[in-house]
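Take a look at the model below. The walk goes from the overall fold to single side chains.

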Amino acid sequence: MINFFRKIRQHMLAENKFTKYLLYAFGEIILVVIGILIALSINNWNEERKNTLEEIAILESLDKNLILAKKQSEALVSAESDSKSVLLVVLGLDSIHSNLDNLTITDEIFKDAFWNLENDIPVINTYTDLKNTNKLGLIKNQKIKEKFTSLEVNLNELRGMLEDRLNVQQIRIDDIAENEINFIPLIKSAIPSINITNETQNDYKEILSDQRIRNLLGIKLNMTQDVLDYRVNLDKDISELTMLIELELQEINE
């Protein structure tokens with residue numbers, strides 16, 4: 001093909017048809033430019049298609065991770081709610097057991113009130129991996145990226161709240177186990193085979209009449225409520241983010 005055009009050019013020059021040659025040369029340049037533009041367009045289309053496919057893969061991976069995180073979140077909300085309920089019962093602050101004189105507190109209930117702590121948070125590894133590999137930019141939907149940023153902030157704040165509650169537990173509440181009660185009977189719920197016949201039984205009504213102990217449990221109850229509220233809001237954030245991603249996937253695939 002190149003030889004063909006070269007022969008045409010040579011023929012025109014030989015016949016001294018310079019004007020026609022210029023027009024021909026100009027047309028040839030136009031064809032070359034058009035060819036380059038088409039090649040660039042195809043290359044850009046291929047690159048865009050590649051990015052879109054990678055974005056779909058990223059969104060699908062995030063969606064799967066968030067579905068698992070939602071299950072974790074629901075379980076953690078439930079566990080936190082149970083801890084709050086036990087604290088209300090032990091303190092005689094729930095609507096059913098408002099009178100401590102009529103309340104029977106078992107070793108297991110007391111143990112749950114004092115030592116049960118849920119310190120886990122939902123795991124969203126896919127987002128962290130994408131952030132570390134600078135691939136979040138492939139997600140075009142700005143709302144999704146903003147929602148993930150907000151979710152990350154909320155997770156960090158929840159982590160801080162859990163650490164604060166654990167510090168209160170370790171520094172102050174655990175002191176009660178060492179000095180105010182016989183801890184051995186409380187092990188029975190975890191190790192049913194042990195014999196506690198000769199152990200001194202705890203009088204929990206008397207223990208809970210100590211204002212210092214009640215205040216410590218009250219502090220734990222307050223912190224548990226704060227954590228529970230945060231977990232509930234986090235659970236909503238995960239649901240909203242999952243919905244945004246699934247809607248985006250639908251639009252991309254249409």
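The chain has eight helices and zero strands. Read from the N terminus, the order of elements is α-α-α-α-α-α-α-α. This is a predicted model. The chain counts 254 residues, and 33% of them are buried. Its accessible surface comes to about 15,700 Å². Carbon and sulfur atoms supply 55% of that area. Now consider contacts between residues at least 6 apart in sequence. Of these, 80% join residues at least 24 apart.

Start with helix H2, which spans residues 18–90. Ile30 sits in this helix. Is Ile30 buried or partly exposed? Its relative accessibility is 36%, so Ile30 counts as partly exposed. Buried would require under 20%, and exposed over 50%. Ile30 also belongs to a nonpolar patch on the surface. The other members of the patch are Ile34 and Ile38. Together the three residues offer about 240 Å² of accessible area.

Lys70 is another residue of helix H2. Its relative accessibility is 18%, so Lys70 counts as buried. Which residues does Lys70 touch, leaving aside those up to four places away in sequence? They are Asp235, Ile238 and Ser239. The side chain of Lys70 also makes a polar contact with the side chain of Glu74, at 2.6 Å.

Next come the salt bridges. The whole structure holds 10 of them. One of the pairs is Lys70 and Asp235, whose side chains meet at 3.2 Å, N to O. Lys70 lies in helix H2 and Asp235 in helix H8 (residues 211–253), so this pair ties together parts that are 165 residues apart in sequence. Asp235 is buried because its relative accessible area is 14%. Lys70, at 18%, is buried as well.

A second salt bridge links Arg231 with Glu80. Here the closest N and O atoms are 2.8 Å apart. Arg231 lies in helix H8 and Glu80 in helix H2, so the pair ties together parts that are 151 residues apart in sequence. How buried are the two partners? Arg231 has a relative accessible area of 2%, so it counts as buried. Glu80 has 1% relative accessibility, so Glu80 is buried too.

Lys131 and Glu152 form a further salt bridge. Their closest N and O atoms are 2.7 Å apart. The pair links distant parts of the chain, with Lys131 in helix H4 (residues 125–132) and Glu152 in helix H5 (residues 142–179). In sequence, the two residues are 21 apart. Why does Lys131 count as partly exposed? Its relative accessible area is 38%, which lies between the limits of 20% and 50%. Glu152 is partly exposed too, with a relative accessible area of 25%.

Finally, return to Lys70. Salt bridges that share partners join Lys70, Glu74 and Asp235 into one network. Lys70 thus appears in the polar contact with Glu74 and in the salt bridge with Asp235. To trace this in the viewer, begin at Lys70 in helix H2. Then cross to Asp235 in helix H8. From there, look at Arg231, also in helix H8, and its partner Glu80 in helix H2.

Technical notes
Residues numbered from 1 in each chain as written. Predicted model: local features only at pLDDT ≥ 70, side-chain atom pairs only at ≥ 80, totals over all residues. Heavy atoms only, no water. Patch = residues over 30% accessible without salt bridge, like charges linked within 9 Å, V, L, I, M, F, W, Y side chains within 5 Å. Areas by Shrake-Rupley, 256 points an atom, 1.4 Å probe, with all protein chains shown as cover. Salt bridge = Lys/Arg side-chain N within 4 Å of Asp/Glu carboxyl O. Helix = DSSP H or I, 4+ residues; strand = E, 2+ residues; numbered from the N terminus. Buried < 20%, exposed > 50% of the residue type's maximum accessible area, 1.4 Å probe, protein only. Polar contact = N/O pair within 3.5 Å; in protein donor to acceptor, adjacent residues only side chain to side chain. Contact = heavy atoms within 4.5 Å.
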